[in-house]
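Biologist: Could you take me through this model, with the reasoning behind each answer?

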Amino acid sequence: MRLLTRARLEATRAPRAKRAADFDRAVAEFFMRIALEEAAKGLGRTSPNPVVGAVLVKGGRIIARGYHKKAGSAHAEVVALEAAGARAKGADLYTTLEPCDHYGRTPPCSMAIIEAGVRRVICASADPNPKVSGKGVSRMRRAGLKVLTGVLAEDADRLNRPFFKMIRTGLPWVTLKAAVTLDGKLATATGDSRWVTGAPARAWVHRLRDSVDVILVGANTVRKDDPKLTTRLPGGGGKDPLRVVVDSHLRLSPGYTIFTQRSAARTVVATLEDPEGRKARRFLAQGVDVWQLREKAGQVDLKALLRRLAKGGHNHVMVEGGAEMYGSFLRGRLADSLALFLAPKLIGSPGLSWAGDLGVKEMAQALAVKDLAFERHGDDILLQALL
């Protein structure tokens with residue numbers, strides 16, 4: 001989704017010819033893109049809630065804006081209304097998601113909008129949550145407000161894919177992220193993988209980490225790479241997601257970096273072993289959580305793990321390795337999207353293939369991806385797709 005930069009947003013206003021009282025889609029899309037920029041500020045911070053942005057417009061100018069910062073805090077619409085104060089009366093409200101109409105940790109946004117005297121509400125996405133769906137729009141229309149829906153809905157829906165999946169299925173959105181050579185290798189035959197891609201690609205990955213709720217890896221990745229799995233953005237900012245290591249039989253040592261380093265994020269080991277047994281106590285002593293999960297084919301049942309993460313309020317899981325883990329998610333049809341960096345390098349047949357064994361014996365059985373998109377980051381190509 002291509003959105004306006006902050007500099008352009010601050011310097012730009014809707015064209016004078018399109019400031020009419022009647023609905024104009026070009027004007028609506030102009031301001032909705034700004035609301036989407038606001039919403040994106042909450043990525044990785046609002047789960048289990050969606051990300052939402054809002055702007056209030058009066059006389060063709062933005063008078064206030066807001067976004068949902070975290071679960072339990074004021075919703076985007078209320079943040080914008082409070083920033084506008086009395087100026088909200090007679091204004092148009094652009095919001096990326098249908099305003100809520102139920103009492104949760106905060107009061108209904110639909111009521112706040114009505115009480116503020118807003119003239120018109122323009123929404124992008126419909127909310128699939130049965131507590132909300134259609135009810136906020138209905139209340140506002142009954143109160144005499146003009147409500148328009150579906151403006152840039154596709155862009156807004158894309159931003160909230162993890163939340164929508166969670167509501168509909170009870171499972172988080174799963175992104176597989178890998179960095180490979182042109183011949184599809186994660187590492188050399190000796191296991192060396194530093195670095196497959198260049199600095200710009202690695203910087204993009206840290207921005208992705210900042211926007212997800214969970215990073216998940218297998219025990220072999222910890223053993224071979226000893227990763228930190230933290231977010232390192234310029235200036236030291238960024239949020240560390242929950243880090244999950246799948247170690248079915250607790251064969252790892254608790255001395256690896258991911259278990260010993262200090263971070264605001266929790267670290268979890270998902271296993272089949274007794275969480276009160278001798279092996280588990282070594283991790284518990286390091287402050288690492290140990291989750292015992294059900295078994296499937298001698299390994300941790302990944303779908304059961306995803307359900308537990310969902311119950312903990314985690315909407316978006318990023319899988320960062322390794323080949324066995326990628327293969328397990330692909331074989332189980334548990335992944336939703338792919339972020340694959342292709343580096344302009346070749347290793348050859350002894351190298352480690354990234355996807356593992358998918359059990360494909362005929363081309364007709366191959367797992368197809370869709371909605372391919374490409375970006376260049378330095379010398380590397382980022383391929384993104386849905387699975």
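The questions and answers below concern a predicted model.

Biologist: How many disulfides does the structure hold?
Modeller: A disulfide is a covalent bond between the sulfur atoms of two cysteines. The cut-off for such a pair is 2.5 Å between the sulfur atoms, whereas the sulfur of Cys109 is 3.7 Å from the closest cysteine sulfur, which belongs to Cys100, and that is too far for a bond. For Cys123 the closest cysteine sulfur is the one in Cys109, at 11 Å, again too far for a bond. The number of disulfides in the structure is therefore zero.

Biologist: Is Cys123 buried or exposed?
Modeller: A residue counts as buried when its relative accessible area is under 20%. The relative accessible area of Cys123 is 1%, and Cys109 likewise has a relative accessibility of 1% and counts as buried. Cys123 is therefore buried.

Biologist: In what order do the five strands of the open sheet lie?
Modeller: Strands of a sheet pair through backbone hydrogen bonds, either parallel or antiparallel. In this open sheet of five strands the pairing is mixed, and its edge strands, each of which pairs on one side only, are strand 2 (61-67) and strand 5 (146-148). From one strand to the next the twist averages 15 degrees. Read across the sheet, the order is 2-1-3-4-5.

Biologist: Which residue of strand 3 is the bridge partner of Val57?
Modeller: Strand 1, which covers residues 53-58, and strand 3, which covers residues 92-97, pair in the antiparallel sense over four bridges. The bridge partner of Val57 in strand 3 is Asp92.

Biologist: Which peptide bond is cis with omega near -5 degrees?
Modeller: Most residues other than glycine have a negative phi, and most peptide bonds are trans. One cis bond runs from Ser47 to Pro48, with omega near 10 degrees, and Pro48 lies in the loop between helix 2 (25-40) and strand 1. Another cis bond leads into Trp195, whose place is in the loop between strand 7 (185-187) and helix 8 (199-211). The bond with omega near -5 degrees is the one from Arg194 to Trp195.

Biologist: Which residue other than glycine has a positive phi near 50 degrees?
Modeller: Leu229, in the loop between helix 9 (219-225) and strand 9, has a positive phi near 55 degrees, and at 3% relative accessibility Leu229 counts as buried. The other residue to consider lies in the loop between strand 9 and helix 10 and is buried, with a relative accessible area of 2%. The residue with phi near 50 degrees is Leu250.

Biologist: What distance separates the C-alpha atoms of Asp247 and Ala219?
Modeller: Asp247 has its place in the loop between strand 9 (242-246) and helix 10 (257-260), and at 5% relative accessibility Asp247 counts as buried. Along the chain, Asp247 and Ala219 are 28 residues apart. Their C-alpha atoms are separated by 5.1 Å.

Biologist: What is the area of the nonpolar surface patch made by Leu358, Val360 and Leu367?
Modeller: Patches are made of residues with over 30% relative accessible area, and Leu367 is partly exposed, with a relative accessible area of 31%. The place of Leu367 is in the loop between strand 16 (352-353) and strand 17 (370-377). The patch that Leu367 makes together with Leu358 and Val360 has an area of about 190 Å².

Notes. Residues are numbered from 1 along each chain as its sequence is written. This is a predicted model: local features need pLDDT of at least 70, side-chain atom pairs count only at pLDDT 80 or more; totals for chains, interfaces and linings use all residues. Side-chain values use heavy atoms; hydrogens and water are left out. Patches are made of residues with over 30% relative accessible area and no salt bridge: like charges are joined within 9 Å, nonpolar side chains (Val, Leu, Ile, Met, Phe, Trp, Tyr) within 5 Å. Accessible areas come from the Shrake-Rupley method with a 1.4 Å probe; for residues, only the protein chains shown count as cover. A salt bridge is a side-chain nitrogen of Lys or Arg within 4 Å of a carboxyl oxygen of Asp or Glu. Buried means under 20% relative accessible area, exposed over 50%, partly exposed in between (1.4 Å probe, protein chains only). Two strands pair if DSSP finds at least two bridges between them. Axes are lines fitted to C-alpha atoms, for helices over the stretch in contact, and angles run from 0 to 180 degrees between N-to-C directions.
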